[in-house]
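Work through the exercises below with the structure open. Each task is followed by a solution in steps.

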Amino acid sequence: MTINRRKLLAGGGVAATLAATEQARAANAVKWNRVVDVVVVGAGATGLPAAIVAREAGNSVVIVEAEPHAGGHAICSGGNMPLGGGTSFQKKWGVKDSPDLVFQDLTDWSVTSANGSADYRYNDREVIRAFADNCAATCEFLIAHGVVFVDKAPDTQGGNSVGASVPREMHCAPVDWPLIQTGKPADPDKRLTMSTGNGLMHPLIASARKAGVEILLSHRMKSIHRQGPQSGPVVGVTVEHEGKTINIRARKAVILGTGGSTSNVNFRRMFDPRLTEEYCGVAGTPWSYQDASGEIAGMAIGASLWGLYNNTGEFGSGVTKPGTIGGQFGYVNLRFFPGSEVFPKARSTGLPVKDWQDVITVNMLGKRFYDETGRQFSSDNYGVNKDYVPNSYLNAKNLKWNPNNWLNAAMAGVGDGHNGGGPIWAIFDSAAAEREKWDLKAPNVDADNGFFFSADSLGELARKIRMKYQRLPMPPENLEATVARYNSFVDSGKDDDFGKPKPLHKIEKGPFYAAWATPVLHDTRAGLRINAKGQVVDMNGDVIPGLYCGGETAGGFSLHGLARATCQGFVAGTNAAKETARA
Ligand SMILES: Cc1cc2nc3c(=O)[nH]c(=O)nc-3n(C[C@H](O)[C@H](O)[C@H](O)COP(=O)(O)OP(=O)(O)OC[C@H]3O[C@@H](n4cnc5c(N)ncnc54)[C@H](O)[C@@H]3O)c2cc1C
């Protein structure tokens with residue numbers, strides 16, 4: 001019998017059948033090279049727990065990882081882990097916490113940072129409830145999979161936006177694992193006392209392999225497939241490996257843990273148009289990159305973004321002041337040394353700045369813009385607001401207004417129509433280098449690639465500053481005038497321009513130096529919309545069947561870092577494992 005297509009479409013149920021048939025045809029058009037139950041994208045803080053949980057529940061699991069090594073930003077991290085909710089660790093140290101207290105803390109509308117930005121106000125209640133309810137279980141999962149926490153009471157070190165009621169921060173000890181920063185284990189006296197992401201990720205990588213998770217390195221996910229282009233369940237991914245395309249079918253689920261969007265210039269500018277290409281020293285790179293590939297692939301099949309304020313609000317570590325200068329990658333707590341696998345890409349260790357009295361910071365045109373000792377954005381944590389009262393307007397009254405505007409002034413630009421602030425240079429003389437005990441040679445600075453310059457005079461120094469992001473030449477007379485004026489403030493003891501507390505040192509003893517000191521991007525706090533199970537939700541508010549996500553690729557949750565990622569990976573892996581395998 002021949003079926004008439006128009007008649008078919010006229011009947012609602014029949015039309016649905018036809019749509020399903022067309023979807024199936026689209027999915028079938030993909031030639032699958034492999035079939036597994038669960039595909040996890042990204043071997044970082046989200047991906048590894050997700051993969052381990054799914055594998056231990058009896059599924060075949062493959063992780064595809066873009067880089068030639070596993071670990072993501074998580075392995076570069078400080079390993080400060082704010083998991084609370086009544087963990088065995090909190091109990092051991094007498095800290096009283098509960099899922100309800102975590103939920104209350106992370107949804108408290110009234111908490112603001114000292115510049116007025118709200119840490120928790122725009123968090124999604126469903127996402128936070130899931131985190132609060134799974135926080136303690138995630139902690140036990142990590143301990144059971146080899147993570148050793150430094151044996152001391154939970155504190156507040158390294159955390160931001162983690163809740164104000166009780167201390168929750170634990171610290172991952174590196175034990176005997178090699179540090180990716182040096183290629184060598186930590187000093188024996190620090191192996192159980194220091195905090196590092198190496199102590200989180202090496203045990204998880206080992207546990208995943210031991211459980212039978214296959215980690216495919218240098219396999220970059222390029223796209224996600226649904227049965228139809230924008231409909232039906234997710235059925236697999238396309239990855240690229242050494243120029244070849246591989247299609248991996250997922251019988252149950254695809255879990256995205258690609259780590260956010262800090263390294264994708266166009267994507268990050270959706271949140272803040274100022275974040276143009278000169279912000280090239282993203283924390284965690286060049287170990288791994290957050291290129292928004294998870295978000296973009298998700299959006300291509302209908303996923304929604306969520307909680308976008310959290311990526312724009314001026315709190316926490318979304319944008320940070322550099323802690324080291326003179327190299328491309330200036331994040332305060334991450335330096336790659338010769339011996340590290342990625343040192344050839346990082347090219348320098350940078351010069352750690354002990355005292356910002358030793359330098360002035362100038363913009364592309366050689367002009368000062370702010371008190372150099374100004375700090376970066378602040379954020380909430382236990383103890384920040386000493387008189388904290390949950391959900392009370394009094395919390396704002398208790399804080400002393402402090403805009404922390406070095407970053408905003410650095411990103412203000414020079415009035416040439418460009419949205420970003422352009423390069424920021426730390427200018428100093430040889431006396432400052434002596435005070436800081438800086439050795440101004442490679443590998444400490446990266447002169448070969450235009451991140452460090454030296455000259456016998458200030459005018460010559462300005463003329464020498466030529467590099468990719470220096471769009472306009474620095475007028476020598478500007479730099480000379482800036483330094484002369486600053487030196488006069490040292491004489492008078494008062495910075496009439498920017499109120500630097502008692503400028504201490506003149507810049508007068510050549511040679512003179514210019515070191516890259518441009519703001520560093522760090523966190524992504526907005527991404528794909530997820531529900532309590534970690535399932536990705538589309539623009540109509542409907543679940544995209546078979547697609548899960550967590551960590552920095554997911555939105556709706558402004559908590560900094562590892563706890564969010566590991567917990568959401570744990571949740572996504574648990575729920576993906578329960579899906580019914582599709583034929
Ligand atoms: C220097 C530094 C210090 C930090 N310190 C702390 C801290 O002390 N405490 C804290 O809580 N947080 C900290 N953080 C933040 C924390 O590390 C991150 O929030 C966390 O790692 C995010 O986990 P994730 O799974 O979302 O991403 P990641 O851990 O970055 O993992 C993402 C992985 O996905 C891979 N990937 C990306 N795209 C693709 C693709 N298309 N195909 C395949 N693979 C892909 C990446 O290569 C990467 O391996 C720090 C971050 C940095 C950079």
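**Exercise 1: two residues with positive phi**

Ser 218 counts as partly exposed because it has 14 C-beta neighbours inside 10 Å. The cut-offs, with C-beta atoms placed from the backbone, are these: 20 or more other C-beta atoms within 10 Å make a residue buried, 12 or fewer make it exposed, and in between it is partly exposed. The model is predicted: local features need pLDDT of at least 70 and side-chain atom pairs count only at pLDDT 80 or more, while totals for chains, interfaces and linings use all residues. Residues are numbered from 1 along each chain as its sequence is written.

Task: Locate Ser 218, and decide whether Arg 347 is buried or exposed.

Step 1. Ser 218 sits in the loop between strand E5 (214-216) and E6; helices (H or I, at least four residues) and strands (E, at least two) are DSSP runs numbered from the N terminus. Its phi is near 55 degrees, a positive value in a residue other than glycine.

Step 2. Arg 347 is not a glycine either, yet has a positive phi of about 70 degrees. The loop that holds Arg 347 runs between helix H11 (343-346) and strand E12 (351-352).

Step 3. Arg 347 has 20 other C-beta atoms within 10 Å, so it is buried.

**Exercise 2: a helix pair**

Task: Find how the axes of H7 and H17 cross, and which residues make the contact.

Step 1. The axes come within 9 Å and cross at roughly 90 degrees. Axes are lines fitted to C-alpha atoms, for helices over the stretch in contact, with angles from 0 to 180 degrees between N-to-C directions.

Step 2. H7 and H17 are therefore roughly perpendicular to each other; angles of 65 to 115 degrees count as such, under 35 as roughly parallel, over 145 as roughly antiparallel and the rest as oblique.

Step 3. Contact residues include Phe 131 and Phe 141 of H7, and Arg 564 and Phe 570 of H17. Contact requires C-beta atoms, placed from the backbone, within 7 Å.

Step 4. The residues of this contact divide into 10 nonpolar, 3 polar and 1 charged. Ala, Val, Leu, Ile, Met, Phe, Trp, Tyr, Cys and Pro count as nonpolar, Asp, Glu, Lys and Arg as charged, and the others, Gly among them, as polar.

**Exercise 3: cis peptide bonds**

Task: Where do Pro 443 and Pro 511 lie?

Step 1. The peptide bond from Ala 442 to Pro 443 is cis, with omega near 5 degrees. Pro 443 is in the loop between helix H14 (430-436) and strand E15 (452-455).

Step 2. Gly 510 and Pro 511 are joined by a cis peptide bond with omega about -5 degrees. Pro 511 lies in the loop between helix H16 (476-492) and strand E16 (512-516).

Terms used. Two residues are in contact if their C-beta atoms, placed from the backbone, lie within 7 Å.
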